[in-house]
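Trainee: Could you take me on a close look at one part of this protein, starting from a single charged pair and working outward? I'd like one connected account that I can follow on screen.

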Amino acid sequence: MKPEKRDYDAVIVGSGPNGLAAAILLQQNGLSVLLLEGKSTIGGGLRTEELTLPGFKHDVCSAVHPLAAGSPFFETLPLHEHGLEYIYPEVAAAHPFDNGTAAVLKKSIIETADLLGADRDAYIKLMAHLVKSWPGLAPDVLGPLTFPKHPVDLAIFGLDALTSSTHLAKRFKTEEAKGLLAGMAAHSIQPLTNLSTSAIALVLMANGHLKGWPVPKGGSVKIADALAAYFISIGGKIETNTYITSFDQLPSANAVLFDVTPKQLLRIAGHKFSSLYKWQLERYRYGMGVFKVDWALDDAVPFKAEGARKAGTVHIGGTLKEIAAGEQQIWDGLHPEKPYVLFAQQSLFDNTRAPEGKHTAWAYCHVPNGSNKDMTDIIEKQVERFAPGFRERIIGRHTFNTQQLESYNPNYIGGDINGGVIDLGQLFTRPVLRRSPYRTSAKGIYICSSSTPPGGGVHGMCGYHSAKRALKDVFNISIKS
C-alpha cells in the first residue's frame, strides 16, 4: 500500500552528521526529503568559527575524525567531490608523561608496539586481529544489536570490548601502554572502571591503524558542507533558521526523523507517544559534561615529547591511575585539579587554520553534568605540565562551560556531547529498550541522534540505521548492509 501523499515523504529535524546521513539515505532511495536546521548554518557538532581572533579558525565542537574517515556509510559517499579533504598527521595521537616521553598511536601497529618496550608483543596480540577484521566487523559494531554478519570476529572483539579499561590494562606491564589505553578509553566520558569502556578505546585504536585520525582541511565544517552539498546534488532540500519546538511546525510527511536527544523529543512530540514510551524516555540518563577552551597562539605548542609535537591529538593526563581517579571524581560530582584533557592542534597540519606563523589549539576536560565552574586555569596548567612555555604563547582564548555548550547546541544536555551516557546499560538500549531503538511509539516518528546506537562520534551511523528502519517500515524499501 502506497503511503498517503504529503508535503514531503520525509522530514529530518537537525542537521548534525546523523541528520545529514539520514537525509542522504532517504533521498538516495527516491524520496522527497526536507532537512530542517534551527541555526543559520548546518552542521550540529561540525562547525568552524573564528572564536578568538580574526583569521584563527576553531572547531566549535568536534575536531579530529577517525570515525568519520572510517564510517561504513560515509565511505560510500563521494564527499571528496564536494570539497572534503582529509589531512593525516604523522602521529594520530600521543600520550605524554612527566619524564618527557610519550606513547604514540601510529598507523603501523608494529611501529606503535615497538615504542612500548616490554609490552610490544602484548599490544600486537591485542590489536592485530581486530585491525584485520575491523572492515567487516564495523557495520556490526556501529549499529543496533542484531544477529551479526561476522559472529566469530564479534565474539572475539566483545571479550575485550565489554570489559572495563582498567581490567584490560592489566594485560600490560608498562605505564606507557597502560597510559595509551587510558587516554583512548577516556573518550567514553565515564569512569574507566565501568564495563564496556574498553570498546571505545579499541575502536579508536583500530581506526587509527587502518585510517589514521584525520583533520578536515579548513575545519570540521567541511564535513558538514560536503554532506549537505551531496544531499542537495541528489535532490534534497535544506531549510535553516527553522528551530522546531512543536510538532505542529512541521510540514506534513510520511516519516519524521529527529536528530535530537530524548529531552527535546519529549518536548516536541511527547504528546504523540504512549505513556510507557514517555516514561522510558524520561528515565534516559545523560553523562558527564565538558568544559572547552580554544586558543590563538603565536607559535606551536612546545610539548617536551617529540611524539606529542607530531600528533594531531594529544591525551593529557599522565598515568592510567591518575586518569582513572580523575574520571571517577568527575562522575562523583567533583572537579579534579589534574583532569584528563583531550587536546588537538590542527594548525600544525592545516595551514588554513591560522595566519602564517601562528597556530590554534583546541581542548576540553570532563566536568560534572551542568557544571558552571571555569576550568580554564586548570586545563592550561595541565597543558603547561607537559609543554612548558605554553601559556606564554597564548594571544587569545575562548571558553565554553556546560551551559554555554547546551545553549549553542541543544543536544549537549548539561554539556554531555555523547547524547547520553554510553555505559553498558545504555550501549544498545539507547534511548529505550525496544526491538528497534530508532522507532518511537508513534507511527512514522523516529529518533536518529547519538542517543541511539552506536552513540556519539562523527560517523553518521545512527542516522543511517534510523533511516534504514524508516525506509522499511513506512516505504517498504529494504536496504542491504
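Mentor: Happy to! Let's start with Lys310 and Glu306, whose side chains meet in a salt bridge, with 2.9 Å from N to O. Please keep in mind that this is a predicted model. Lys310 has a relative accessible area of 30%, so it counts as partly exposed. Glu306 comes out at 47%, so it is partly exposed too. Elsewhere, salt bridges that share partners tie Asp377, Glu380, Lys381, Arg391 and Arg397 into one network.

Now move to strand β12, which covers residues 311-316. Six of its six residues are buried, so the rest of the structure largely encloses this strand. What lies beside it? On the β6 side, three bridges connect β12 to residues 91-96, and the two strands run parallel. You can find this pairing on screen through Val91, whose bridge partner in β12 is Ala311. A second marker is Ala94, which has Val314 as its bridge partner in β12. The other pairing is with β13 (residues 341-344): four bridges join it to β12, and here the strands run antiparallel. Look for Ile316, whose bridge partner in β13 is Val341.

Step back, and β12 becomes part of an open sheet of seven strands. Their order is β7-β6-β12-β13-β14-β11-β15, and the pairing is mixed. At the edges stand β7 (102-105) and β15 (394-400); each has a single partner strand, so one side of each has no neighbour in the sheet. From one strand to the next, the twist averages 20°.

A helix also belongs in this picture. Helix α7 lies across β6, β7 and β12, and runs at about 55° to β7. Follow the chain on from α7 (175-185) and you enter the loop that leads to α8 (197-210), where Leu195 is found. Is Leu195 buried or exposed? Neither label fits, because its relative accessible area is 47%, which makes it partly exposed. Together with Leu162 and Leu424, Leu195 forms a nonpolar patch on the surface, and the three have about 260 Å² of accessible area together.

Beyond α8, the loop toward β8 (215-216) brings us back to charged pairs. The side chains of Lys211 and Glu75 meet in a salt bridge, at 2.7 Å from N to O. This pair links distant parts of the chain: Lys211 is in the loop between α8 and β8, Glu75 is in the loop between α2 (66-69) and β5 (86-87), and 136 residues separate them. Glu75 is partly exposed at 42% relative accessibility, and Lys211 is partly exposed at 31%. For contrast, look at Lys292 and Asp294, which form a salt bridge at 2.2 Å, N to O; both of these residues are buried. Altogether, the model has 22 salt bridges.

For comparison with the sheet around β12, turn to the five-stranded one. This open sheet has the order β9-β2-β1-β10-β16, and its pairing is parallel. Its edges are β9 (237-239) and β16 (445-447), each with a single partner strand, so one side of each is left without a neighbour in the sheet. Neighbouring strands here are turned by 20° against each other on average, ignoring direction. At the β9 edge, three bridges connect β9 to β2 (residues 33-36), running parallel, and Leu36 has Glu239 as its bridge partner in β9. Helix α9 (residues 221-233) lies across β2 and β9, running at about 130° to β9.

One more helix takes us to β10 and β16. In α10 (residues 262-269), six of the eight residues are buried, so this helix is largely enclosed by the rest of the structure. Among the buried ones are Leu265, Leu266 and Ile268. Their cover includes β10 (253-258), α11 (275-282) and β16.

Last stop: Ala22, in helix α1 (residues 17-28). Its relative accessible area is 0%, so it is buried. Leaving out residues up to four places away in sequence, Ala22 touches Ile12, Leu257, Cys448, Gly463, Tyr464 and Ala467. The C-alpha atoms of Ala22 and His465 are separated by 7.8 Å, although these residues are 443 apart along the chain.

Note on methods: Residues numbered from 1 in each chain as written. Predicted model: local features only at pLDDT ≥ 70, side-chain atom pairs only at ≥ 80, totals over all residues. Heavy atoms only, no water. Patch = residues over 30% accessible without salt bridge, like charges linked within 9 Å, V, L, I, M, F, W, Y side chains within 5 Å. Areas by Shrake-Rupley, 256 points an atom, 1.4 Å probe, with all protein chains shown as cover. Salt bridge = Lys/Arg side-chain N within 4 Å of Asp/Glu carboxyl O. Buried < 20%, exposed > 50% of the residue type's maximum accessible area, 1.4 Å probe, protein only. Pairing = 2+ DSSP bridges. Contact = heavy atoms within 4.5 Å. Axes fitted to C-alpha atoms, helices over the stretch in contact; angles between N-to-C directions.
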